[in-house]
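Biologist: Before I plan any reading of this model, could you take me slowly through a single part of it, one strand with the sheet and the helix around it, and explain your terms as you go?

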Amino acid sequence: MRNLSVRVARWSAHHPWRAIGGWLVFVAVCLGVGIGVGNNAAVTADYRVGEAGRAEAIAAEGGVQRRPVEHVLITARDSTELDASTVRAAAADVASRMSALPVVGSVGEPVWAEDRRAARVDVTLEVEERQASRVVDDLQARTQAIQEAHPEVVVTQTGRASITRAVEKQRGEDIANVELITLPITLITLLVVFWSLSLALVPVLLALSSIAAAIGLSMVVSHVFPDAGVGMNIILLIGMAVGVDYTLFYLKREREERARSGGRLSAVALVDLAAATSGRAVVLSGLAVAVSTATLYLVDDVIFSSMATGAILVTLVAVASSMTILPATLAKLGAIAERRAERRHRPVRRPKAGRITAALTRVIDRRPGRTLLLAVLLMLALAAPMLGMRLTDMGPETHPRELVAVQNYHGLTGVYSEVKAIHQVVVRGSGPAVTDALAQLQNVALRDPVIGEPATVRASADGRTHVLNLAVPHFVSEQAAPDSLRRLREEYVPATLGQVAGVEYAVSGDVARYVDYPRHQQQRLPWVLGALLLVTLLITAVAFRSVVLGLIGVLLNLLSAAAAIGVLVWVFQGQWAEGLLDFTSTGSIGSRVPLFLFVILFGLSMDYQFFLISRIREAVLNGVPTRQAVFDGMRRSASVITSAALVMVTVFAAFVGMHLIEMKQTGFSLAVAVLLDAFVVRTLILPSLLILLGDRVWWPARVRRGEPITAPLEPVR
């Protein structure tokens, strides 16, 4: 027991107050430093990918980058025609109040609807797009004041900045509600497991402290990897799950060794044993999660980088807590737990397999091949819908209509379809040839039934960069919009600008972003999956000195992820579950969800695999035949895996209650993945496979039996 985790745990157990105090100081320092340096939010340039990103970079260099626009809509209260003088007065008030704000660049003239029942005033902001949501509150306050000054009409405001701000607020409220749900349920689950309030509180408190420290560290790291606004969500999502799980593994092993020793071991000795066995599995599992999640950096996308940073930080902090403050806390609580058991005349008993576990072991023992076949067929059946998966980015129209900004957006686009989306053709070049080619492109594009007015051209101050804006009267999620982008890029632009020598051009806009973002991920997917499979293989093979186990880990993780994605597609691409889960189907899956699921599941599934195989390998090294060791490992780890899975599923499933569709899909898919991984893969498939392979599972290492890895009993002092 000379490994680092045992040495650290032993020191913490011998010096509990120093360890506890040191941990609290560490958490406080992390938060203090993080708040001190502040959070570095990602800017628009960080989000650029594909041809759309290249076009935006050219426009920004020329000073003609896209500016955020907020729309103030003026409508009659009784759906009749608006009085022109009333509209002029309200529009003048909009111009006066909005122009007074330093972030406003210009206010347009009223744009009347065809039926004269509405008028629109466009307010252009002189800030970059990603900063607009931070200043939009001031505009909304002015809009409210305009409404109060003109009660005879209805004045509303919407735009992408307003929608982003509303989504951010909704996400914050949803996260708070998730915590209110998960904390009590997690605590109740742990109370059932331990029948001790003090022991049930330990995992929850340690998880919360790990989350707090990770939040502080994430602020510091954001100055290297800018925060895209999702880091906090990932820290909360992953932090509570792994924090509780790692503590649970440690606690259950300590309780098991306490029962096995029959009171002959001191609290320090029990901590040593837990550290040498479950502690080692926790460290290996945590490193596996961190390294697996790091493959998200290969996507070369600021959102995935933020996800990776948050998951890695909170996982490593949770591992650190299990090596330091947890042993110290266990050493202090050990004596109290023993005295409490004696007072209640409930001696700690050795764990026994439950009826379900006993039944499963009998089935696997009698028919391992049939069990393996049926379980694999079940997983493949669940994975089948994945073949019809449709990945898309989520446009503003997909956000919940409960949000006022989204309601206003649909009201606006119902009258002014031209504001739904735009194409932007960016050209770097000057001269009459460029001007003529742009005019020709505009004429050709406007003959396309899906592209319409207004069509405008902006030029940089030096005349070397031009931007042609073309309206698309369709939501980006409607197939007509991507189809028009394809024609623009493949036909219209090459036939006009492509004929001018020495110019550089690219197409961006709402539709291009919607199309290019998923395409960029699909291009990066082989690299990420390749690295992920290699990392999983290497970590498992090195940890257990077995290439066979490494290959098994890769295949089973692929099976779990595929089945979870299949269920996700079945539920969210159709409409049958809309009422059950409170969502409106977009007929697609958020482009970030499957890749994030693959990476995180590969890491999290290591928890159960490392814990189960560690118990099996421990028994084998103690002289037990592999077949019997598999059943012993199942019996000893069943309750831990079940409890850990229930906690993790509770945390993930709580995210299904969020309003945002991608967060719903993420929480749902992770909850399903953990359920399948814990109750099918690690309970049926893995044991059956290990039994069929026998001692060959340890290849190429030779298992030397009869070398106990548990420590000799240390008498209580």
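Modeller: Two strands are said to pair if DSSP finds at least two bridges between them, and the elements themselves are DSSP runs numbered from the N terminus, helices being H or I runs of at least four residues and strands E runs of at least two. This is a predicted model, in which local features need pLDDT of at least 70 and side-chain atom pairs count only at pLDDT 80 or more, while totals for chains, interfaces and linings use all residues. Residues are numbered from 1 along each chain as its sequence is written, and side-chain values use heavy atoms, with hydrogens and water left out.

The strand to look at is β9, which spans residues 465-472. On one side, β9 pairs with β7 in the antiparallel sense over 8 bridges, and within that pairing Val467 is the bridge partner of Val426. Strand β8 (residues 452-459) also runs antiparallel to β9, joined to it by 6 bridges, and here Arg458 is the residue that stands opposite Val467. Between β8 and β9 the hairpin has 5 residues, among them Gly463, which takes a positive phi near 75°.

Taken together, 4 strands form an open sheet in the order β8-β9-β7-β10, with antiparallel pairing. Its edge strands are β8 and β10, each of which pairs on one side only. From one strand to the next the twist averages 15°, where axes are lines fitted to C-alpha atoms, for helices over the stretch in contact, and angles run from 0 to 180 degrees between N-to-C directions.

As for burial, a residue is called buried under 20% relative accessible area, exposed over 50%, and partly exposed in between, using a 1.4 Å probe and protein chains only. Because 8 of the 8 residues of β9 are buried, the strand is largely enclosed by the rest of the structure. Thr465, Val467, Asn469 and Ala471 point one way from β9, whereas His466, Leu468, Leu470 and Val472 point the other way, and all are buried.

One of the neighbours of this strand is helix α16, whose buried residues pack against β9 as well as α3, β7, α15, β10 and α17, contact meaning heavy atoms within 4.5 Å. The buried residues of α16 include Leu485, Leu488, Arg489, Tyr492 and Val493. Helix α16 (residues 480-496) has 17 residues and reaches 22 Å from its first C-alpha to its last, close to the 24 Å expected, that expected span being 1.5 Å times one less than the number of residues. The helix bends by about 40° at Leu488, the bend being the angle between axes fitted to the seven residues ending at a residue and the seven starting there.

Next to that bend in sequence comes a charged residue of α16: Arg489 forms a salt bridge with Glu51, their closest N and O atoms being 3.4 Å apart. Since Arg489 lies in helix α16 and Glu51 in helix α3, the pair ties together parts that are 438 residues apart in sequence. A salt bridge here requires a side-chain nitrogen of Lys or Arg within 4 Å of a carboxyl oxygen of Asp or Glu. Arg489 is buried, with a relative accessible area of 15%, whereas Glu51, at 24%, counts as partly exposed. Both belong to a network of salt bridges that links Glu51, Arg489, Asp516 and Arg519.
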